[in-house]
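Here are my notes on this model, set out as numbered points. Please read them with the structure open beside you.

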Amino acid sequence: MDTKILSRVDLNLLVALQVLLEERSVTRAAERLFITQPAMSKTLQRLRDLFDDPLFIRSGRGLIPTPRTNELAVHLPTLLASVSDLVASGKFDPLTYEGEICIMTAEFIAVQVVPTLTQRIIREAPRMSLTLTSEAEEEGRALEDGDLDFAIEISRPYGSEYHVTPLGSFTPAVWMRAEHPLAKKDKLTLVEMLEYPFIQYYLLLTGPISANAESRFDRELAKHGLKRQKTLVTTQLMTAMDALWHTDCLMMATMHDLKIESESYGIVRKPYPEELEFDNTVPVVLVQHVRTIKSPAHQWVKDQIIGIVQDIKEQARQAARAR
């Protein structure tokens, strides 16, 4: 591509050439382009200078194209149509879109949202590829550079270059297997909970894996001068669930998510002990960089995620009313 040549080209000249080809008249071309006839004549002269060719010869039947003009006429409509498609906004057909969307989110959120999102992509955007990861180095840079398109995560402070959409909130809960000695109790106390070991699943934590990493629950325990025993620390949800099923460990998770896992493993959920004073909601947001705000493809994916989350909420409300 010779950028020096392209820098000399005024796209309006090519549009004018196409109109001249269709009208074969300077007067009629001027009318269609809403300019005066002298201005149209000057445009024709600029076209002649650009292509170093007369382009049109005047005759009693109007303008007669030269051989060079006929060559241009073969390619010009396709070229202008491509440019029109390139700059057109708001047009997006998921059936024909080809591209990859990369989302970062914790597994406990992914298992609720991504299966339904995958179904919709197969049905409505079959050429789209969805890539899912649970972590990324320098998340902000990844969103800015395009290595990530969205992050679904626990809300935190963000800079002005990020667009944040609230998705809802989770209520913390204590998880245990149905056969656990505390499973029949309506209310738990800190003292009886701390008699049992804990599984630390990185549900609401990010960063290096460590038993020393503090969650909100750990910080609340510290206010009471207490500490829990973390027997297993993992980022692997299925491993955590299987260990929970086979032991008397407790795990801090959320109250109204992972319905399938709850049923498969016979998990019982209990509210946090009343001794703890904390905000009992955990806000979850959808984060994207401002570079994707005007992208129809990203907006389509965003709408799907929001719709799926709303469906999950409605199902939870209906289930609560049924009980």
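1. Contact here means heavy atoms within 4.5 Å. By that rule, and leaving aside residues up to four places away in sequence, K270 touches A173, V174, M176, L182, A183, K184, K185, D186, L188 and M255. Please keep in mind that the model is predicted.

2. K270 lies in strand β11, which covers residues 267-270 and is an edge strand. The side chain of K270 is buried but takes part in no salt bridge. The nearest side chain of opposite charge belongs to D186, at 5.0 Å. A salt bridge needs the side-chain nitrogen within 4 Å of a carboxyl oxygen, and the distance of 5.0 Å to D186 is given for a residue without such a bridge.

3. Which backbone oxygens lie close to a polar atom of the K270 side chain, at 2.9 Å and 2.6 Å? The backbone oxygen of A183 is 2.9 Å from a polar atom of that side chain. For the backbone oxygen of K185 the distance is 2.6 Å. Both A183 and K185 also appear in the contact list of K270.

4. Strand β11 belongs to an open sheet of five strands, ordered β9-β8-β10-β7-β11, with mixed pairing. The edge strands are β9 (230-234) and β11 (267-270), and each of them pairs on one side only. From one strand to the next, the twist averages 35°.

5. Inside this sheet, β8 (residues 198-201) and β10 (residues 250-254) are paired in the parallel sense, over two bridges. One residue to look for is I199, whose bridge partner in β10 is M251. When you view the sheet, remember that in a regular strand the side chains alternate between the two faces.

6. A second example of pairing involves β1 (residues 56-59) and β2 (residues 62-65). These two strands run antiparallel and are joined by four bridges. They form a hairpin with two residues between them. I57 has I64 as its bridge partner in β2.

7. How many salt bridges does the structure hold? There are 15. Side chains of opposite charge can pair when their charged atoms come close. The next three points take examples.

8. R177 and D248 form a salt bridge, with their closest N and O atoms 3.0 Å apart. R177 is in strand β7 (residues 172-177), while D248 is in the loop between α10 (237-246) and β10, so the pair ties together parts that are 71 residues apart in sequence. D248 has a relative accessibility of 27% and counts as partly exposed.

9. K185 was named above for its backbone oxygen, 2.6 Å from a polar atom of the K270 side chain. K185 also forms a salt bridge with E192, where the closest N and O atoms are 3.8 Å apart. Is each partner buried or partly exposed? K185 is partly exposed, at 32% relative accessible area, whereas E192 is buried, at 16%.

10. R32 and E23 meet through their side chains in a salt bridge, 3.0 Å from N to O. R32 is partly exposed, with a relative accessible area of 39%. E23 is buried, with a value of 18%. The pair is part of a wider network of salt bridges that links E22, E23, R28 and R32.

Terms used:
Residues numbered from 1 in each chain as written. Predicted model: local features only at pLDDT ≥ 70, side-chain atom pairs only at ≥ 80, totals over all residues. Heavy atoms only, no water. Pairing = 2+ DSSP bridges. Axes fitted to C-alpha atoms, helices over the stretch in contact; angles between N-to-C directions. Buried < 20%, exposed > 50% of the residue type's maximum accessible area, 1.4 Å probe, protein only. Lys, Arg positive; Asp, Glu negative; His and termini not counted. Polar contact = N/O pair within 3.5 Å; in protein donor to acceptor, adjacent residues only side chain to side chain.
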